[in-house]
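Biologist: Got a minute to walk me through this one? I'd like to go through the rings, a helix and a few odd backbone spots.

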Amino acid sequence: MLVLTAPDDPTADLVVRELGRRDTTVFRADLAWFPTRLTMTARAGGPWTGVLRLPDRAVRLRDIISVYYRRPNSYALSAVLSEGDRAWADTEARHGLGGVLTALDCLWLPDPVTAARAELKPVQLAAAAQVGLHIPDTLITNDPTEAADFVASQPGGAVYKPLFGRPTTHDGQPESLYTTTVTTDAITPAVAYTAHMFQAKVPKAYVLVGQARDRLAAIGYRPTLVAADGLAGWPDGAPYDRILGTCSTRRVPAAWLAQIRAGGMIVANVGQGVVPLRVDAGGSASGWFLPGPASFIEARPADAPDGMPFDAAVDLVYAQGDSTRSADPLVGIGDEAFWFVVHVVMPGHVWFELHEDDNTTYCLVDPMTRSWYRATRAADRMTVTQAGSRRVWDDLAAIHVRWEAANHPSHDRLGLTVTPAGRHTLWVDEPGRRAWTLV
């Protein structure tokens with residue numbers, strides 16, 4: 001079975017472990033490894049034949065009976081290419097490697113053609129209307145006059161929506177475009193540069209909450225439903241016996257502690273683990289992380305700046321650094337248990353590996369300060385380059401020293417304590433022992 005996903009994917013980790021338990025051979029790869037680490041050779045003539053090869057393993061195309069397409073990163077092309085050449089190489093990679101894999105006579109989850117079609121906003125809207133759902137009045141156009149007339153004709157106002165919400169960069173900074181209220185004054189000749197989608201504005205919070213309330217009542221349930229910022233909790237219903245966070249937070253929100261009674265429990269997803277926190281009489285909460293990694297979608301609005309698109313992070317770490325030195329390799333730097341600690345101590349950072357000429361380069365980017373390091377391992381040494389206002393490699397090395405001193409604890413030996421003032425402490429084996437004070 002071929003598994004295509006990022007190296008840092010806890011969901012895929014669980015699937016791969018279960019497949020191994022069932023004696024299923026798995027070849028796991030990330031599209032970002034092509035073409036620097038992952039190579040492909042394929043020949044036509046009936047079914048495609050050939051091989052996918054990594055430095056330490058390979059799989060024949062004819063042996064691939066299924067593909068789990070989970071969450072791979074984009075192709076990581078050589079930094080020596082010009083911007084135009086990289087765009088061309090990316091297209092060739094998608095049509096070459098992507099085309100060959102799509103042509104294989106095997107089961108895909110999900111089917112790539114169906115998944116690609118389902119991502120198209122016009123297809124989604126047509127399908128919704130076909131099954132009887134109400135969709136807002138919608139216009140897709142590159143005609144500024146038509147756009148202005150449409151916006152002016154909407155009695156309740158209009159919004160602009162991106163047709164595909166992929167993050168991008170602008171002047172070197174990560175940027176995402178969300179649904180935005182628009183007026184005729186905002187319609188300029190620039191609309192002619194590409195397709196734009198405009199829709200009638202719909203009061204979605206009332207519609208969603210109202211529909212959910214009615215449907216729950218129809219089956220005998222009448223909970224209090226509120227559309228609000230979950231990070232702020234809901235003080236009107238406090239104090240609570242339980243607070244269950246079904247999204248990831250970089251730190252446990254202070255509002256949650258303020259709104260739960262003594263003896264209650266907060267279940268939070270911090271870093272890449274779920275931690276049940278029992279609240280004591282003084283208002284502090286403490287508990288061990290549960291076995292098994294878990295990474296939910298991060299709360300929006302996030303309690304810290306957004307991350308950075310992968311391509312932008314790769315471009316940044318190939319920039320000129322302001323310090324380079326030789327260092328001893330960090331034992332276990334690729335260990336899942338070590339990176340569990342890193343994700344808790346240094347949340348919101350972008351971490352990835354690059355592979356070229358049998359060398360592995362470990363990279364970490366802090367989107368807030370645009371500080372970064374790249375550490376290339378060759379034989380028994382690492383060449384470390386850093387840049388930015390923070391020395392993120394030094395921060396990582398300090399975490400590694402403490403992780404080694406604690407005898408490489410896995411996440412189920414770790415616990416978390418949070419005080420009413422918001423102080424977070426990560427500890428090993430028991431509260432207060434070998435503790436990190438988190439910021």
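Modeller: Sure. One term before we start: buried means under 20% relative accessible area, exposed means over 50%, and partly exposed is in between. Also, keep in mind that this is a predicted model.

Biologist: Fine. How many aromatic pairs does the structure hold?

Modeller: Nine aromatic pairs. Take tyrosine 160 and phenylalanine 198: their ring centres are 5.9 Å apart and the planes sit at 65°, so this pair is edge-to-face.

Biologist: Where in the chain do tyrosine 160 and phenylalanine 198 come from?

Modeller: From distant parts. Tyrosine 160 is in strand β9 (residues 158-161) and phenylalanine 198 is in strand β13 (residues 196-200), 38 residues apart.

Biologist: And is tyrosine 160 buried or exposed?

Modeller: Tyrosine 160 has a relative accessible area of 18%, so it counts as buried. Phenylalanine 198 is buried as well, at 2%.

Biologist: Let's try the tryptophans. How are the planes of tryptophan 288 and tryptophan 427 set?

Modeller: The planes are at 90° and the ring centres 5.1 Å apart, so that pair is edge-to-face. Tryptophan 288 belongs to strand β17 (residues 285-288) and tryptophan 427 to strand β24 (residues 424-428), so the pair ties together parts 139 residues apart in sequence.

Biologist: What's the relative accessible area of tryptophan 288?

Modeller: It's 44%, so tryptophan 288 is partly exposed. Tryptophan 427 is at 0% relative accessibility and therefore counts as buried.

Biologist: Which residues do ring pairs link into a cluster?

Modeller: Phe338, Trp339, Trp351 and Trp403.

Biologist: Which ring does arginine 37 lie over?

Modeller: Arginine 37 lies over the face of tryptophan 33, at 4.3 Å from the ring centre. There's also arginine 57, which lies over the face of phenylalanine 27 at 5.3 Å from the ring centre.

Biologist: Back to β9 for a sec. How many bridges join β9 to β12?

Modeller: Three, and β9 runs antiparallel to strand β12 (residues 180-182). Alanine 158 has valine 182 in β12 as its bridge partner.

Biologist: In what sense do β9 and β13 pair?

Modeller: Antiparallel, over four bridges. Lysine 161 stands opposite methionine 197 of β13.

Biologist: OK, helix time. Which residues of α5 are buried?

Modeller: In helix α5 (residues 144-152), the buried ones are Ala147, Ala148, Phe150 and Val151. Down the helix axis those buried residues of α5 fall within an arc of 160°, so they line one face.

Biologist: Why would residues a few places apart point the same way?

Modeller: An α-helix has 3.6 residues a turn, so residues three or four places apart point the same way.

Biologist: What do the buried residues of α5 pack against?

Modeller: β8 (138-141), β9, β12 and β13. The face of α5 turned away from that buried side carries exposed Thr145 and Ala152.

Biologist: Which residue caps the N-terminal end of α5?

Modeller: Aspartate 143. One of its side-chain oxygens lies 2.9 Å from the backbone nitrogen of threonine 145.

Biologist: New topic: threonine 385. Where is it found?

Modeller: Threonine 385 is in strand β22 (residues 381-387). At 6% relative accessibility, it counts as buried.

Biologist: Which side chain does the polar contact join to threonine 385?

Modeller: The side chain of threonine 324, with a polar contact of 3.1 Å. Apart from neighbours within four places in sequence, threonine 385 is in contact with Gly321, Ser323, Thr324, Trp372, Tyr373 and Arg374.

Biologist: Last bit, the backbone. Is the peptide bond from phenylalanine 34 to proline 35 cis or trans?

Modeller: Cis, with omega near 10°. Proline 35 sits in the loop between β2 (27-29) and β3 (39-43). A cis peptide bond also joins alanine 238 and proline 239, with omega about 0°. Proline 239 is in the loop between α6 (204-218) and β14 (240-249).

Biologist: What is phi of aspartate 23 near?

Modeller: Phi of aspartate 23 is near 60°, a positive value in a residue other than glycine. Aspartate 23 is in the loop between α1 (10-21) and β2, and it's exposed, with a relative accessible area of 71%.

Biologist: And histidine 408, what's its phi near?

Modeller: Phi of histidine 408 is near 50°, again a positive value in a non-glycine residue. Histidine 408 is in the loop between α10 (392-405) and β23 (414-418). With a relative accessible area of 37%, histidine 408 is partly exposed.

Technical notes. Residues numbered from 1 in each chain as written. Predicted model: local features only at pLDDT ≥ 70, side-chain atom pairs only at ≥ 80, totals over all residues. Heavy atoms only, no water. Phe/Tyr/Trp six-rings, centres within 6.5 Å; stacked < 30°, edge-to-face > 60°. Helix = DSSP H or I, 4+ residues; strand = E, 2+ residues; numbered from the N terminus. Buried < 20%, exposed > 50% of the residue type's maximum accessible area, 1.4 Å probe, protein only. Lys NZ or Arg CZ within 6 Å of the ring centre and 35° of its normal. Polar contact = N/O pair within 3.5 Å; in protein donor to acceptor, adjacent residues only side chain to side chain. Contact = heavy atoms within 4.5 Å. Pairing = 2+ DSSP bridges. Arc of directions from axis to C-beta.
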